[in-house]
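Welcome! Take a moment to look over the sequence and the model, and then we can walk through them together.

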Amino acid sequence: MTTLVTPPQALPPEVAAAAGRNVRPGILPSPGARQWVSACPVTALVPGRGVAVLLPGGAQAALFLLPNGMIYAVDNLDPYARAAVLSRGLTGDRGGEPTVASPLLKHVFSLRTGAALDDPEVALPTYAVRVQHGIVRVGLPLP
């Protein structure tokens, strides 16, 4: 398993200054081959806010940069409302677990595991993340 995280000192000066902290992936890839999809420059992420990213095949991911510098990617589709809105959700913390709350029905999901915290039967797909040369990349398992 190889995970590449670009330390801030290796980033271009404008990227490091905009990031203002050590950004690092919140979800590391599990073993296996990945297709790494360029999502956006790390400078496009605002701490505490989400960004929707179009993935191959028309799926969407929601990327979140938390104030502590961790970057997470989960599926953007709210499984309860069946709408692609999680990138607009509210980030937070429940007992040390980083979370996002759906902006529609306020269901809360773990950003690490994708699990709905109030319904053990429901979970979001999660994606591995890495930052390479100032670009956030999302890892998709190969079929």
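Which residue forms a salt bridge with Asp-118? The partner is Arg-94, and the closest N and O atoms of the pair are 2.9 Å apart. This pair links distant parts of the chain: Asp-118 sits in the loop between S10 and strand S11 (126-132), while Arg-94 belongs to strand S8, 24 residues apart. Keep in mind as you look that this is a predicted model.

**Salt bridges**

A search of the whole structure finds two salt bridges. The other one to visit brings together the side chains of Arg-112 and Glu-97, at 3.1 Å from N to O. Arg-112 lies in the loop between S10 and S11 and Glu-97 in strand S9, so this pair ties together parts that are 15 residues apart in sequence.

Are the residues of these pairs buried or exposed? The table shows how each one counts.

| Residue | Relative accessible area | Class |
|---|---|---|
| Asp-118 | 56% | exposed |
| Arg-94 | 37% | partly exposed |
| Arg-112 | 42% | partly exposed |
| Glu-97 | 15% | buried |

Glu-97 counts as buried because its 15% relative accessibility falls under the 20% cut-off.

**The sheet around these residues**

Arg-94 and Glu-97 also meet through the backbone pattern, since Glu-97 in S9 is the bridge partner of Arg-94. Strand S8 and strand S9 (residues 97-101) run antiparallel and are joined by five bridges. They belong to an open sheet of three strands, ordered S8-S9-S10 with antiparallel pairing. Strand S8 (90-94) and strand S10 (108-110) stand at the edges with a single partner strand each, so one side of each has no neighbour in the sheet. From one strand to the next, the twist averages 35°.

**Two hairpins that share a strand**

Now move to strand S4 (residues 60-65), which is mostly covered: five of its six residues are buried. On one side, strand S3 (residues 50-54) runs antiparallel to S4, with five bridges joining them. Here Leu-54 stands opposite Gln-60 in S4. S3 and S4 form a hairpin with five residues between them, and Gly-57 in the turn has a positive phi of about 85°.

S4 also pairs in the antiparallel sense with strand S5 (residues 70-75), over five bridges. In this pairing, Phe-64 has Tyr-72 in S5 as its bridge partner. The hairpin of S4 and S5 has four residues between the strands, and Gly-69 takes a positive phi near 95°. As you follow these strands, remember that in a regular strand the side chains alternate between the two faces of the sheet.

**The whole chain**

Stepping back, the protein chain has one helix and twelve strands, and the helix is at the start of the order, counted from the N terminus. Of the 143 residues, 43% count as buried. The chain exposes about 7,100 Å², with carbon and sulfur atoms supplying 56% of that area. Among contacts between residues at least 6 apart in sequence, 51% join residues at least 24 apart.

**How confident is the prediction?**

The mean pLDDT of the chain is 85, and 83% of the residues reach 70 or more. Among the elements, helix H1 (residues 13-19) has the lowest mean pLDDT, 47, and S10 has the highest, 98. Over residues 1-12 the pLDDT stays under 50, and the model has 24 contacts beyond four places in sequence for them. Residues 14-20 also stay under 50, with seven such contacts.

Key: Residues are numbered from 1 along each chain as its sequence is written. This is a predicted model: local features need pLDDT of at least 70, side-chain atom pairs count only at pLDDT 80 or more; totals for chains, interfaces and linings use all residues. Side-chain values use heavy atoms; hydrogens and water are left out. Two strands pair if DSSP finds at least two bridges between them. Helices (H or I, at least four residues) and strands (E, at least two) are DSSP runs, numbered from the N terminus. Axes are lines fitted to C-alpha atoms, for helices over the stretch in contact, and angles run from 0 to 180 degrees between N-to-C directions. Buried means under 20% relative accessible area, exposed over 50%, partly exposed in between (1.4 Å probe, protein chains only). Contact means heavy atoms within 4.5 Å. Accessible areas come from the Shrake-Rupley method with a 1.4 Å probe; for residues, only the protein chains shown count as cover. pLDDT is the predictor's confidence in each residue, from 0 to 100. A salt bridge is a side-chain nitrogen of Lys or Arg within 4 Å of a carboxyl oxygen of Asp or Glu.
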